[in-house]
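This report walks through the overall build, the main pocket, the charged pairs and a surface patch of one protein chain. Please keep the sequence and the structure at hand while reading.

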Amino acid sequence: MSQEVDGIRDLRSGALYIIVSVILVTTADIIASTVMGVSFLLKPTSATVLMSGLLGMVVILVIVALVLGILWLVKTRSGFIKLKSVGRDVGSGDTGTLLIIIGIIVAIVGVAVAFALAFSLSSLGLFAGLAIAFIGAIIGLVGQILVALGYRRVGEVYEESSLKTGGLLLLIGFILDLIPIIDIVGGILAFIGFILVYIGCGTLLRRLPLQQQYASVQLPSLQPSQVGIGRVFSNGVAEVTIYSPYYVQIVSAVLQGVNALSISPNQLIPGNNLVRIAFPPLNLIPGSTYSVQLYLSNGQTLTVVVIAS
């Protein structure tokens with residue numbers, strides 16, 4: 001299994017974990033609400049027995065949901081990191097998951113401080129705890145937005161509409177969830193967004209292995225080629241647009257006998273690819289044209305032209 005396919009698989013697994021987690025939390029909420037409503041209609045003894053059994057089930061459901069939520073963060077972060085490792089520009093989804101974790105921890109600390117000082121004579125400690133919890137919530141929200149944008153970026157990179165739509169719905173849902181009157185709408189949109197992410201990743205898992213296998217066993221008559229003329233800046237960074245009819249990796253790049261420090265993305269996908277190549281700062285003449293040799297994983301050498309600016 002390639003690192004790229006493994007990354008998509010992790011994103012899909014993470015989406016499944018959070019979908020099931022939301023279902024469990026919703027189920028627990030329905031059970032708890034039902035128990036509270038029915039208990040007033042029963043005798044005290046019967047109500048106690050019913051509440052003990054069902055509330056125990058609620059606790060179990062919530063614990064399982066929390067575990068699945070943690071697995072969502074772990075798998076999603078892993079998926080974004082793996083896609084970045086093969087040169088995919090998938091945004092800052094991995095950073096988003098980290099911010100969510102930090103936000104949760106900060107919020108828990110804030111709530112603990114507020115609770116511990118709730119009955120003190122001074123209200124300063126209580127407000128300090130609530131302020132810390134609020135900061136944690138903001139950090140978590142920023143993380144959620146980055147994750148949503150990361151999903152959408154994956155959809156853009158691989159031209160998968162379900163992922164793009166899912167990321168957009170998550171972005172809208174996370175924001176609407178802040179508004180008390182319509183927070184339920186935000187929750188529904190976010191849930192639908194995760195379902196679309198799961199479906200989109202499944203589509204990619206069926207498509208990618210076939211495309212990669214085809215590219216590895218058959219070299220098409222069409223070959224990668226430059227689109228337009230690229231640019232190279234005084235800081236050594238060159239930008240070129242390359243059309244590729246198949247998946248192929250850029251192994252290395254050379255300009256004026258100098259090897260590139262980094263190439264992003266280093267793997268071309270079918271269609272146009274904007275590639276940024278970082279060289280050490282060079283003494284180039286502004287307005288002059290230079291040739292950059294790109295060495296591909298299939299043995300080809302592609303020469304692209306850049307203008308110094």
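How much accessible surface does the protein chain have, and what percentage of it belongs to carbon and sulfur atoms? In this predicted model, the accessible surface of the chain comes to about 16,100 Å², and carbon and sulfur atoms account for 69% of that area.

**Overall build**

The secondary structure consists of six helices and nine strands, and of the 309 residues in the chain, 39% are buried. When contacts between residues at least 6 apart in sequence are considered, 63% of them join residues at least 24 apart.

**The largest pocket**

The largest pocket holds about 1,200 Å³ of space and has a lining of 33 residues, among which Ile-18, Val-22, Gln-144, Phe-174 and Asp-177 lie nearest the centre. Helices H1 (3-39), H2 (44-85), H3 (93-116), H4 (124-157), H5 (161-176) and H6 each supply at least two residues of this lining, and the largest share, eight residues, comes from H2.

**Salt bridges**

Eight salt bridges are found in the whole structure, including the three in this table.

| Pair | Closest N to O distance |
|---|---|
| Asp-6 and Lys-82 | 2.7 Å |
| Arg-152 and Glu-156 | 3.8 Å |
| Arg-153 and Glu-156 | 3.2 Å |

Asp-6 forms a salt bridge with Lys-82; because Asp-6 lies in helix H1 and Lys-82 in helix H2, this pair ties together parts that are 76 residues apart in sequence. Lys-82 counts as buried because its relative accessibility is 17%, under the 20% cut-off. Asp-6 and Lys-82 also belong, with Asp-10 and Lys-75, to a network of salt bridges.

The two other pairs in the table share Glu-156. Arg-152 and Glu-156 both lie in helix H4, four residues apart, while Arg-153 and Glu-156, also both in helix H4, are three residues apart; each spacing is about one turn of the helix. Arg-152 is partly exposed, with a relative accessible area of 28%, and Arg-153, at 29% relative accessibility, is likewise partly exposed, as is Glu-156 at 36%.

**A nonpolar patch on the surface**

Leu-178, Ile-179, Ile-181, Ile-182, Ile-184, Val-185, Ile-188 and Ile-192 form a nonpolar patch on the surface, and together these residues have about 750 Å² of accessible area. Ile-192, one of the patch residues, is placed in helix H6, which covers residues 183-217. Why does Ile-192 count as partly exposed? Its relative accessibility is 36%, and the partly exposed class lies between 20% and 50%.

Conventions. Residues numbered from 1 in each chain as written. Predicted model: local features only at pLDDT ≥ 70, side-chain atom pairs only at ≥ 80, totals over all residues. Heavy atoms only, no water. Patch = residues over 30% accessible without salt bridge, like charges linked within 9 Å, V, L, I, M, F, W, Y side chains within 5 Å. Areas by Shrake-Rupley, 256 points an atom, 1.4 Å probe, with all protein chains shown as cover. Salt bridge = Lys/Arg side-chain N within 4 Å of Asp/Glu carboxyl O. Buried < 20%, exposed > 50% of the residue type's maximum accessible area, 1.4 Å probe, protein only. Contact = heavy atoms within 4.5 Å. 1 Å grid on protein atoms, 1.4 Å probe; cavity = no way out; pocket = protein on both sides within 12 Å on 5 of 7 lines; lining within 4 Å. Points joined across faces, edges and corners; volume = space filled by probe spheres on them.
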